[in-house]
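Me: I'd like to take a close look at a single part of this model, starting from one loop and working outwards into its surroundings. Please walk me through it as you would at the bench, with the cut-offs spelled out.

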Amino acid sequence: MPQAKQRRTPGATTKRNAVAATVDYRALAQFRFELRTFLAFSEEGARKAGLTPQQHQALLGIKGFVEPGPPSVGDIARFLLIRHHSAVELMNRMAKLGLVSRVTDPEDGRRVQLKLTAKGEQKLQAISKKNIEELRRAASPALRRLLRSSPQPGEP
């Protein structure tokens, strides 16, 4: 036996339309486009510097790690959203390239800490300088426009 269609209450439709009206879809779409454009720019910059995009992200993760002490392979795996064994292989390749070094944690001999070498620092600095310039040039206007046009959480 066919089921009767349920009617939507007018209030639900009105709420949905009100939420949709508070979102600046044009600004959001433009920002997402600029984000993808920036990511492509950054990936190409990594390749020009002789790195894969993932190697660049790993260097950035190691340099930007905020916990006390240098990061471990597990920390970088979480930062890159990859499995631990994939991060181990990535660090092996990066160590062979002279981009990172491994140091045994003085407080826990089972833990290996990662540090950038001078070569890794140099490559990261060169890519980051160009990325910051690109962000200043392209992404900031769309992000500011999007943030101005969207309500804060908890605002009507």
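Reply: Thr 117 sits in the loop between β2 and α6; helices (H or I, at least four residues) and strands (E, at least two) are DSSP runs, numbered from the N terminus. This is a predicted model, in which local features need pLDDT of at least 70 and side-chain atom pairs count only at pLDDT 80 or more, while totals for chains, interfaces and linings use all residues. Residues are numbered from 1 along each chain as its sequence is written, and side-chain values use heavy atoms, with hydrogens and water left out.

Thr 117 is in contact (heavy atoms within 4.5 Å) with Gly 98, Leu 99, Val 100 and Ser 101, leaving aside neighbours within four places in sequence. The C-alpha atoms of Thr 117 and Ser 101 are 6.3 Å apart, although 16 residues separate the two along the chain.

Ser 101 also leads us to Gln 113, a residue of strand β2. Besides Ser 101, Gln 113 is in contact with Pro 70, Pro 71, Arg 102, Val 103, Asp 105 and Pro 106, again setting aside neighbours within four places. Gln 113 counts as buried because its relative accessibility is 8%; the cut-off is under 20% relative accessible area, with a 1.4 Å probe and protein chains only.

Val 100, another partner of Thr 117, takes us into the largest nonpolar core. Such a core is a set of buried Ala, Val, Leu, Ile, Met, Phe, Trp, Tyr and Cys residues joined through side-chain atoms within 4.5 Å. This one has 19 residues, and those touching the most other members are Ala 58, Leu 59, Ile 62, Ile 76, Met 91, Met 94 and Val 100. Two or more residues each come from α3 (53–63), α4 (73–80), α5 (84–96), β2 (112–116) and α6 (118–149). Ile 62 shows how these pieces meet: not counting residues up to four places away, Ile 62 touches Pro 71, Ile 76, Met 91, Val 100, Leu 114, Lys 115 and Leu 116.

Now for two of the helices. The axes of α3 and α5 lie 11 Å apart, at an angle of about 90°; axes are lines fitted to C-alpha atoms, for helices over the stretch in contact, and angles run from 0 to 180 degrees between N-to-C directions. The two helices are therefore roughly perpendicular, a label that covers 65 to 115 degrees. On the α3 side, Gln 54, Gln 55, Ala 58, Leu 59 and Ile 62 meet Leu 90, Met 91, Arg 93 and Met 94 of α5.

Helix α4 is mostly covered, with six of its eight residues buried: Val 73, Gly 74, Asp 75, Ile 76, Ala 77 and Leu 80. The cover over these buried residues includes α3, α5 and β2. Just past the end of α4, Leu 81 adopts a positive phi of about 60°.

Stepping back, the chain holds six helices and two strands, in the order α-α-α-α-α-β-β-α from the N terminus. Buried residues make up 25% of its 156 residues. Among contacts with a separation of 6 or more, 54% join residues 24 or more positions apart.

How values were computed
Buried means under 20% relative accessible area, exposed over 50%, partly exposed in between (1.4 Å probe, protein chains only). Angles under 35 degrees count as roughly parallel, over 145 as roughly antiparallel, 65 to 115 as roughly perpendicular and the rest as oblique.
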